[in-house]
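Dear colleague,

I am handing over the structure we spoke about, so that you can look through it yourself before reading my notes. What I found is set out below it.

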Amino acid sequence: MSVLSHTASAHHPVAEPSPFRRPVKIGLIFGAIAVYIAVVGILPLIDARWIVVDVVSLGDAALIAIGLGAGAAVARRRAPTSSGLAPLAAQALLAGAIAGGMLAFLVIAMSLLDLRPIFIALSPMLLETLTFGLGVPLGSVILIVSGAVLGVLGAALSLGPVTIRRPILIGLSFVLVFGVFQELIQIMMQFGELIGDLRETLYTWEGLSLTGAAIIFVLSAGGAYLWTKSLRTQFHDRMAGLSPAQQAHVRTAKIIIGVLLVVLFPILAGPYIGQVMMLVGLYVLMGMGLNLEVGLAGLLDLGFVAFFAVGAYTTALLTADSPHALAAWTAIPSVSYWVAMPIAVFCSVIVGILFGIPVLGVRGDYLAVATMGLGEIVRVIVQSDMAAPLLAGAQGILQIPKPKIGSLELSDPVSLFYLTLVSSAIAAYFAWRLENSRLGRAWMAVRDDEDVAQALGINLVKVKLLAYGLGAAFAGLAGSIFAVMLTSIYPSSFQLLISINVLALIIVGGMGSLPGVVVGAIALVGLPELLREFGEYRYLFYGAALIIMMRIKPEGLWPSVTRQRELRAAAGELEEEEEAQELGAGVETPSFATQGLEK
Amino acid sequence: MALLEIDAIHVFYDNIEALKGVTFSVDTKQIVTLVGANGAGKSTTLRAISGILHPRSGDIRLDGESLSGVAPHEIAALGLMQVPEGRRIFARLTVEENLAMGAFRRRDRQAVAEDKERMMTLFPRLRERQKQVAGTLSGGEQQMVATARALMGRPRVLLMDEPSMGLSPVMVENVFETIRTINEQGVTVLLVEQNALLALSIADYAYVMESGQIVLTGRGKDLLDDEKVQRAYLG
């Protein structure tokens, strides 16, 4: 892979201050992405999934997107001095052609060398697909030409007026979503004759039909066009015309609709979606907890899974119908889930505080290592033979009963999802209140500057231990639900990876932001579950997502207010410095000085 | 009895003796300054007073009560508020929120609101920038935020560490003007400063430090005229 890109980059002159330098670079980057997904085997995998049956596969879509992306990147990043569309078109063409050229290079390399022993994914079938079944020479030419065309299209698209660009993008996204998630959507469309007919129009049994894709594109793009063109302003005008009370009603209505959608969705979409949503819910719970620690208090914690385990094990020990349950060998009676859950949360808080004590004085990177060690210690203890008589060791605790409300047993994924949803809602309320409390402010002060926080009278020990304890409460609640979801728990369920996942999701969602936790959990937990065949590549996508986020949107998908400010502040400082350099120091100072002296 | 008494403190960094028996005191409503070259032990003294470093021997007393063994955040609560070296404002919080942090230990909301209003009068510039993120302010404005933040804690002694650092000359004069104003309003100030000329000119009483010891004491004005001081610090 690296060999390929090196050879490819040797083609372009090194120190040429020409307008083509950037397009070449962009083309190489996008080409490298295309080559990479082919080499590691993502491309063949996603190529098996149709978006529009017999027309476009997900693999095709990915390559098309790469071509368009190269063009768009050129258009977006063009120097403000460059003028005229013709040079830009040439640049976009060049970027696209280089991206396509790198794929062509891969194709040629595949045909000449036997790369399979190294890269198992580079099969003859992939070669066949990449050359459109037309043989290597012609296929390579087509790759380069189509790359060039896509580059120009991408640039055109990204420069086009928003009333055109947005509908096209929205239309394409809808087709993509309806195509990729065709199984789930088809399941959802199974009842009702009318809906059944609609389904048959849109779908064949293995994916979207061409007619279906066209209908979806036209409808969504058309809708988006009307919305951008006129409906939106009309809507805003009408909203502005309403009295504040009415506006508040509209807002409430929106929230109610949103809540109804979340509540009804798993019923419509079936148990599988319910299961996925529940998993997302558990991660949201954990994310909110870790967010208190990392996002608000700035205490990096890679041992978070320990609290999740404590919640799960406490619930199991208190409720299970197993020889390891406390009821089986102590005087403690077996309790219902509703009693066990608060106890589990309480135990997690205690463990959280105990966990915090040894790492109180540890800062920064060392904190990450120390907490990771603590988390592993908890797992290893649970797994050990020494603790086996108490905690069942590697065998795990089985037969944890499902929670019951009266005679109703919450046994199916959908009802357990509701349990998670209600718990998350309550937890979110607490998290929100905490964030805006005195304690929340103290956390933020500690995060920003520990020493100054202390000098202002904030008790570091208390505040930090509270962060660990309260953060742990959320994980304990999640663990408690996790135990009844699986009805049996094993130490192997509580790996370091869970801590890393939770941390990743709050980073992607936006540190310190509550809605960000939800967005991050959907993106990093929900989506990979839905695209299960990519499970193998899950952590590859995680890594890529994290890197891309840090490069493009470091504040996260849904950043918190302070975080946005911080980044804006950084940009502001930069401007100020530049200003100072340009104007010479002291231009602003006299005005301040006089003002100060006036008093 | 002085408000703040530093009584023969010895402070060590591992085995290196940073303070070799420093003794001085700060009287109520005075400006007392600690001047000296870099590394003389000025900041170490401040850190000992604020409870971050513990003297191996000697004592620090506020109003006659020993501060030894009192945690740093409790010392702040007792009324020793700091304007730290390099300002160290909360860069991503707004000016207002920074001031609120200064009043973290206070529960008297009404009085806190009044104090905030007083700060806005003292620093009109901050009133304009109340809602602005503190990190975007100029150095001088950040110094105002740090000062106002400390004042929001109603300090019995305001500990200022190198307030002139990194500011333009005009701004530095302004900072000292402010210190004088604050003092006239009744706040006791302990000022640690490398800029001896300015510090001595506003101080009621001054102590000159050298290698962890106090080598000269006297009224600010007197030291300003002292030949030795002039040669050593004022060039």
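In this predicted model, helix H1 of chain B, made of residues 42-49, lies across five strands of chain B, namely S3 (31-36), S6, S7 (157-161), S8 (188-193) and S9, and its direction runs at about 145° to that of S7(B). Helix H7 of chain B (residues 169-184) also packs on the sheet, where it touches S3, S7 and S8 of chain B and makes an angle of about 155° with the direction of S8(B).

The sheet itself is an open one of six strands with mixed pairing, and its order in chain B is S6-S7-S8-S3-S9-S10. The edges are taken by S6 (80-83) and S10 (213-219) of chain B, and because each has a single partner strand, one side of each is left without a neighbour in the sheet. On average, and with direction ignored, neighbouring strands of this sheet are turned by 20° against each other. At one end of the order, S9(B), which covers residues 205-210, is joined to S10(B) by six bridges, and these two strands run antiparallel; within that pairing, Met209(B) has Ile214(B) as its bridge partner in S10(B).

Taken as a whole, chain B has 10 helices and 10 strands, and 51% of its 235 residues count as buried. Its radius of gyration is 17 Å, which agrees with the value near 18 Å that a compact globule of 235 residues would have, and its C-alpha atoms fill a box of roughly 45 × 40 × 35 Å along the principal axes. Among the contacts in chain B with a separation of 6 or more, 67% come from residues 24 or more positions apart.

Turning to the nonpolar cores, the largest holds 174 residues, of which Met286(A) and Phe308(A) touch the most other members. The element that gives the most to this core is helix H22 of chain A (residues 460-486), with 16 residues. Leaving aside residues up to four places away in sequence, Phe308(A) touches Met286(A) as well as several others, including Ala475(A), Ala478(A), Gly479(A) and Phe482(A). Another core, of 60 residues, lies apart from the largest one and has Ile37(A), Leu63(A), Met110(A) and Leu208(A) among its members.

H22(A) is mostly covered, since 22 of its 27 residues are buried. At 1.5 Å a residue, those 27 residues should span 39 Å, and the end C-alpha atoms of H22(A) are indeed 39 Å apart. After H22(A) comes Thr487(A), which has a positive phi, near 60°.

With best regards

Note on methods. Residues numbered from 1 in each chain as written. Chains lettered and ligands numbered in written order. Predicted model: local features only at pLDDT ≥ 70, side-chain atom pairs only at ≥ 80, totals over all residues. Helix = DSSP H or I, 4+ residues; strand = E, 2+ residues; numbered from the N terminus. Rg over C-alpha atoms; globule rule 2.2 N^0.38 Å. Buried ≥ 20, exposed ≤ 12 C-beta atoms within 10 Å, placed from the backbone. Contact = placed C-beta atoms within 7 Å. Core = buried A, V, L, I, M, F, W, Y, C linked by C-beta atoms within 7 Å. Expected span 1.5 Å × (residues − 1). Pairing = 2+ DSSP bridges. Axes fitted to C-alpha atoms, helices over the stretch in contact; angles between N-to-C directions.
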